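Trainee: Please take a close look at the aromatic ring pairs of this model and at the setting in which they lie.

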Amino acid sequence: VATMAVGLFGSYSLLMFYEGLVVPTTVGILLSLLLTYRLIRLEQDKIPRLDCLLVGLLLGFLCKTLNVAIPLAMLVPGWIWIKARGFRHKVASLSLLSLGMVIAVGLLTWPQQLLVKDAGLLPVHSGMNCYIGNNPEADGVFHPPLHMRATRLGLWQDSLRIAQQELGRLVSPQEANGFWFAQVGQYVKTHPWAFLRLLGKKCRVFFNGYEPNDIDDFYFAKT
């Protein structure tokens, strides 16, 4: 299996492209595979308690690496609660799972807190990323909204500047993060049908075999 995985990795140019950008995608894929493997082992071994600690560590690291994995933090505990036998076993398993998640998230959040004051559990750019994909101008692929600059630093600086302009005061990175999440919530609430059509467009993009360009263009890099 390991040999096959290495071979697939070496032949998958898109994965190598993202690894070269030093983005968390490839790390997230590794953590996802390890988490899947441990969950399969849990299924086979009838939920050993100490294994739940390892699953919690992997789940915590994965959620901090890839925000899209956060729903797993709610699904995996529910699955363990159903699979574990006996009330005491269920409580012990979930306690160890939670301990592992807290340790993992804490280990990754502490350095972030030192670098970015007022940092929260979510990355401070997660609200902006969410707004990029869910706003009245969105069409399912990456476009810088509100005339923001199409660079990593430009998006970060412009998102902070616009949040301050809209709120009429200086804001911390975490407050700006919350502002953009609120903008997404307002869009979904006031334009539910447009949001559903946007989800349909995203599904077509997901299955059409074409990799839309982000800040960096995969097809340009191939040439």
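Mentor: Rings of Phe, Tyr and Trp (its six-membered ring) pair if their centres lie within 6.5 Å; planes under 30 degrees apart count as stacked, over 60 as edge-to-face and the rest as tilted. By ring pairs, Y131, F179 and W180 are joined into a cluster. This is a predicted model, in which local features need pLDDT of at least 70 and side-chain atom pairs count only at pLDDT 80 or more, while totals for chains, interfaces and linings use all residues. Residues are numbered from 1 along each chain as its sequence is written, and side-chain values use heavy atoms, with hydrogens and water left out.

Within the cluster, Y131 belongs to helix 7 (helices are DSSP runs of H or I with at least four residues, numbered from the N terminus). Y131 counts as buried because its relative accessibility is 8% (buried means under 20% relative accessible area, exposed over 50%, partly exposed in between, with a 1.4 Å probe and protein chains only). Beyond residues up to four places away in sequence, Y131 touches P136, P145, L146, W180, Q183 and V184, contact being heavy atoms within 4.5 Å. From C-alpha to C-alpha, Y131 is 6.9 Å from F181, although 50 residues separate them in sequence.

F179 and W180 are among the buried residues of helix 9, together with P173, A176, N177, V184 and Y187. These buried residues lie on the same side of helix 9, because they cover an arc of only 160° around the axis, taken from the directions from the helix axis to the C-beta atoms. They pack against helix 7 (126-133), helix 8 (152-167) and helix 10 (192-207). Helix 9 itself comprises 18 residues, 173-190, and spans 26 Å from first to last C-alpha, close to the expected 26 Å, which is 1.5 Å times one less than its number of residues.

In total, the structure holds 5 aromatic pairs. One of them joins W81 and F87 edge-to-face, at 6.1 Å centre to centre with 90° between the planes. W81 counts as partly exposed because its relative accessibility is 35%, whereas F87 is exposed, at 58%. F206 and F207 also form an edge-to-face pair, with 4.9 Å between centres and 85° between planes; F206 and F207 are both exposed.

W81 has a further partner: the charged end of K90 sits over its ring, 5.3 Å from the centre. Such a placement requires NZ of Lys or CZ of Arg within 6 Å of the ring centre and within 35 degrees of the ring normal.

Key: Helices (H or I, at least four residues) and strands (E, at least two) are DSSP runs, numbered from the N terminus.
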